[in-house]
Amino acid sequence: SSPSPHNPPFPPGFQIKSQQSEVTRILDGKNIKYELVDISQDNALREEMRAKAGNPKAIPPQIVNGDQYCGDYELFVEAVEQNTLQEFLKLA
């Protein structure tokens with residue numbers, strides 16, 4: 001049977017987790033140190049992430065270097081593909 005719109009094929013949060021593990025896998029592969037911040041249990045952290053992203057509906061993963069907002073998952077992947085990851089992460 002095909003999945004109905006009321007019963008998505010992936011549980012909520014699945015895409016976020018798979019995107020997050022892709023980001024960490026790429027950063028690990030490039031020996032770039034990072035800190036994961038879990039916003040799921042803390043509304044203040046969620047609001048801080050959204051404020052930095054400038055988007056009240058932003059969902060993880062969002063990439064930040066200190067107080068500098070870098071971008072979301074799509075922009076991260078684009079930077080990897082274009083070999084501009086250092087610039088994207090504000091490391092260059």
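Thr24 counts as buried because its relative accessibility is 14%, under the 20% cut-off for that class. This residue is found in helix α1. Leaving aside residues up to four places away in sequence, Thr24 touches Tyr34 and Leu36. These values come from a predicted model, as do the others in this report.

**Confidence and overall make-up**

The chain has a mean pLDDT of 90, and 88% of its residues reach 70 or more. Among the elements of the chain, helix α4 (residues 85-88) has the highest mean pLDDT, 98, and α1 has the lowest, 94. Where pLDDT is low, the predicted coordinates should not be read in detail.

The secondary structure consists of 4 helices and 2 strands. Along the sequence these elements follow the pattern α-α-β-β-α-α. The chain has 92 residues, of which 24% count as buried. Its accessible surface comes to about 6900 Å², with 51% of that belonging to carbon and sulfur atoms. Taking contacts between residues at least 6 apart in sequence, 35% join residues at least 24 apart.

**The largest pocket**

The largest pocket holds about 980 Å³ of space. It is lined by 30 residues, and those closest to its centre are Glu35, Leu36, Val37, Gln62 and Ile63. Leu36 is also one of the residues that Thr24 touches. The elements that give two or more residues to the lining are α1 (14-29), α2 (43-53) and β1 (62-65). Helix α1 supplies the largest share, 6 residues. Sorted by class, the lining has 16 nonpolar, 7 polar and 7 charged residues.

**Leu85 in helix α4**

Leu85 is located in helix α4, the element with the highest mean pLDDT. Its relative accessible area is 5%, and Leu85 is therefore buried. Beyond residues up to four places away in sequence, Leu85 touches Ile26, Lys30, Ile32, Phe76, Ala79 and Val80. The C-alpha atoms of Leu85 and Leu75 are separated by 9.6 Å, with their positions 10 residues apart along the chain.

**Lys52 in helix α2**

Lys52 belongs to helix α2, one of the elements that contribute to the pocket lining. Lys52 counts as partly exposed because its relative accessibility is 25%, and that class runs between the 20% and 50% limits. Once residues up to four places away in sequence are set aside, Lys52 touches Val64, Gly66, Asp67 and Tyr69. Cys70 is 18 residues from Lys52 along the chain, and their C-alpha atoms are separated by 9.2 Å.

**Gly13 ahead of helix α1**

Gly13 sits in the segment before α1. With 30% relative accessibility, Gly13 counts as partly exposed. Gly13 and Ile59 are 46 residues apart in sequence, and the distance between them is 10.0 Å, C-alpha to C-alpha.

The C-alpha separations described above are set out together here.

| Residue pair | Separation in sequence | C-alpha separation |
|---|---|---|
| Gly13 and Ile59 | 46 residues | 10.0 Å |
| Lys52 and Cys70 | 18 residues | 9.2 Å |
| Leu85 and Leu75 | 10 residues | 9.6 Å |

**Backbone features**

The peptide bond from Pro60 to Pro61 is cis, with omega near -5°. Pro61 lies in the loop between α2 and β1.

Two residues, Asn83 and Lys90, call for a note on phi. Asn83 is not a glycine, yet its phi is positive, about 55°. This residue is placed in the loop between α3 (73-81) and α4. At 68% relative accessibility, Asn83 counts as exposed, since that class begins over 50%.

Lys90 likewise has a positive phi, about 60°, although it is not a glycine. Its place is in the segment after α4. The relative accessible area of Lys90 is 37%, so this residue is partly exposed.

Terms used:
Residues are numbered from 1 along each chain as its sequence is written. This is a predicted model: local features need pLDDT of at least 70, side-chain atom pairs count only at pLDDT 80 or more; totals for chains, interfaces and linings use all residues. Side-chain values use heavy atoms; hydrogens and water are left out. On a 1 Å grid over the protein atoms alone, a cavity is a set of points where a 1.4 Å probe fits but cannot get out, and a pocket is an open set with protein on both sides within 12 Å along at least five of seven lines; lining residues have an atom within 4 Å of a point. Grid points are joined across faces, edges and corners, and a volume is the space filled by probe spheres set on the points. Ala, Val, Leu, Ile, Met, Phe, Trp, Tyr, Cys and Pro count as nonpolar, Asp, Glu, Lys and Arg as charged, and the others, Gly among them, as polar. pLDDT is the predictor's confidence in each residue, from 0 to 100. Buried means under 20% relative accessible area, exposed over 50%, partly exposed in between (1.4 Å probe, protein chains only). Contact means heavy atoms within 4.5 Å. Accessible areas come from the Shrake-Rupley method with a 1.4 Å probe; for residues, only the protein chains shown count as cover.
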